[in-house]
Amino acid sequence: MNKCFLIGNLTRDPELKTTASGISVCNFTLAITRRFSNQQGEREADFLPVVVWRTQAENCAKYLRKGSQVAVSGSIQ
């Protein structure tokens, strides 16, 4: 089973595109801050690219902006 739940902030505005067959696809990067600090006392972050398709892609482009906190549910590829 390949299922993940991520909560983080967008690093930039989502980018909406349309495929040659007319399907909407939206790309954005999610910054997820780790719960614990490193040895220097700094909290590190992981940056994960996210791809959303069809109607959900259009909704992401319409409502999300840089800095928005979002929860993503999906599979890792």
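Read from start to end, the chain runs β-β-β-β-α-β. That makes one helix and five strands. The model is a predicted one.

**Overall form**

The chain has 77 residues, and 27% of them are buried. Its C-alpha trace spans about 50 × 30 × 15 Å along the principal axes. The exposed surface of the chain comes to about 5800 Å², with carbon and sulfur atoms supplying 50% of that area. Among contacts with a separation of 6 or more, 55% are between residues 24 or more positions apart.

**The largest pocket**

The largest pocket holds about 510 Å³ of space. Its lining consists of 20 residues, and those nearest the centre are Pro49, Val50, Val51, Val72 and Ser75. Four elements each supply at least two lining residues: strand S1 (4-10), strand S4 (43-53), helix H1 (54-63) and strand S5 (69-74). Of these, S4 gives the most, with six residues. Sorted by class, the lining of this pocket has 15 nonpolar and five polar residues, and no charged ones.

**Salt bridges**

The structure holds four salt bridges. Three of them are listed here, with the distance between the closest N and O atoms.

| Pair | N to O distance |
|---|---|
| Arg12 and Glu15 | 3.9 Å |
| Glu15 and Lys17 | 3.1 Å |
| Arg34 and Asp46 | 2.8 Å |

The bridge between Arg34 and Asp46 ties together parts that are 12 residues apart in sequence, because Arg34 lies in strand S3 (residues 24-37) and Asp46 in strand S4. Both partners are partly exposed: Arg34 has a relative accessible area of 39%, and Asp46 has 30%.

Arg12, Glu15 and Lys17 are joined in a network of salt bridges. Glu15 has a part in two of the listed pairs, one with Arg12 and one with Lys17. As for accessibility, Arg12 stands at 35% and counts as partly exposed. Glu15 is partly exposed too, at 33%, and so is Lys17, at 44%.

**Thr29 and its contacts**

Thr29 is placed in strand S3. With a relative accessibility of 18%, Thr29 counts as buried, since the cut-off for that class is under 20%. Leaving aside residues up to four places away in sequence, Thr29 touches Asn9, Leu10, Thr11, Arg12, Phe47, Leu48 and Pro49.

Some of these contacts lead back to residues already named. Arg12, which Thr29 touches, forms the salt bridge with Glu15. Pro49 is also touched by Thr29, and Pro49 is among the residues that lie nearest the centre of the largest pocket.

Strand S4 appears in two of the topics above. This strand provides six residues of the pocket lining, and it holds Asp46, the partner of Arg34 in strand S3.

Technical notes. Residues numbered from 1 in each chain as written. Predicted model: local features only at pLDDT ≥ 70, side-chain atom pairs only at ≥ 80, totals over all residues. Heavy atoms only, no water. 1 Å grid on protein atoms, 1.4 Å probe; cavity = no way out; pocket = protein on both sides within 12 Å on 5 of 7 lines; lining within 4 Å. Points joined across faces, edges and corners; volume = space filled by probe spheres on them. Nonpolar A, V, L, I, M, F, W, Y, C, P; charged D, E, K, R; others polar. Buried < 20%, exposed > 50% of the residue type's maximum accessible area, 1.4 Å probe, protein only. Contact = heavy atoms within 4.5 Å. Areas by Shrake-Rupley, 256 points an atom, 1.4 Å probe, with all protein chains shown as cover. Salt bridge = Lys/Arg side-chain N within 4 Å of Asp/Glu carboxyl O.
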